[in-house]
Amino acid sequence: MAVSSTPSRLYLLPRPSLPYAVRGNAEILSQVVSSQADLLAQYVGVAPKMAEEAHSRVIDQVVQEALDQANVSETDLSAVAVTIGPSLSLCLRVGVQKARKTAGRFNLPIIGVHHVEAHTPVARLIERKLQFPFMALLIS
């Protein structure tokens, strides 16, 4: 989940396992991690239905925590962005459902975001001076 804002816009980007908040200038305002490492170890890899259930159990809490850390509320949003693929459709569905619910409640547009590309701003947590454009190598 991410919250992104430009001077006049603020976006909510729910991604069940890694919410983060980003200002329009790409400053990261918050990041909340909900790990499924124990689930991965238990099933020796991803068990899609179990992953979906785990995402469903934490999505509301994770989104709220990211908003709280960014000092914004759902009423501050002007759009909702959500990762739409590629990834496990069962898990993506959890984020899309949360995005649709939030967007519908506040009459906001929804913006689809490439799942893998959504990981790249995390590099700015380590390299705070990193500016766009930059190149990222993602291994999934």
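## Helix H3, end to end

Let's start with helix H3, which runs over residues 89-106 of this predicted model. With 18 residues at 1.5 Å a residue, H3 should span 26 Å, and its end C-alpha atoms are 25 Å apart, so the two values agree.

Just past the end of H3 comes Asn 107, with a positive phi of about 55°.

## Two faces of H3

Which residues of H3 are buried? They are Cys 91, Leu 92, Val 94, Gly 95, Lys 98, Ala 99, Thr 102 and Ala 103. These buried residues sit on the same side of H3, because they cover an arc of only 155° around the axis. There's a general pattern behind this: an α-helix has 3.6 residues a turn, so residues three or four places apart point the same way.

Now flip to the face of H3 turned away from that buried side: there you'll find the exposed residues Ser 89, Arg 100 and Gly 104.

## A nonpolar patch on the surface

Leu 40, Val 46 and Leu 88 get together on the surface as a nonpolar patch, and their accessible area adds up to about 230 Å². Look for Val 46 in the loop between helix H1 (37-43) and helix H2 (48-69). Is Val 46 buried or exposed? Val 46 counts as exposed, because its relative accessibility is 51% and the cut-off for exposed is over 50%.

## Lys 49 and Leu 88

Lys 49 belongs to helix H2. Its relative accessibility is 44%, so Lys 49 counts as partly exposed. In sequence, Lys 49 and Leu 88 are 39 residues apart, while in space they are 9.6 Å apart, C-alpha to C-alpha.

Conventions: Residues numbered from 1 in each chain as written. Predicted model: local features only at pLDDT ≥ 70, side-chain atom pairs only at ≥ 80, totals over all residues. Heavy atoms only, no water. Helix = DSSP H or I, 4+ residues; strand = E, 2+ residues; numbered from the N terminus. Expected span 1.5 Å × (residues − 1). Buried < 20%, exposed > 50% of the residue type's maximum accessible area, 1.4 Å probe, protein only. Arc of directions from axis to C-beta. Patch = residues over 30% accessible without salt bridge, like charges linked within 9 Å, V, L, I, M, F, W, Y side chains within 5 Å. Areas by Shrake-Rupley, 256 points an atom, 1.4 Å probe, with all protein chains shown as cover. Salt bridge = Lys/Arg side-chain N within 4 Å of Asp/Glu carboxyl O.
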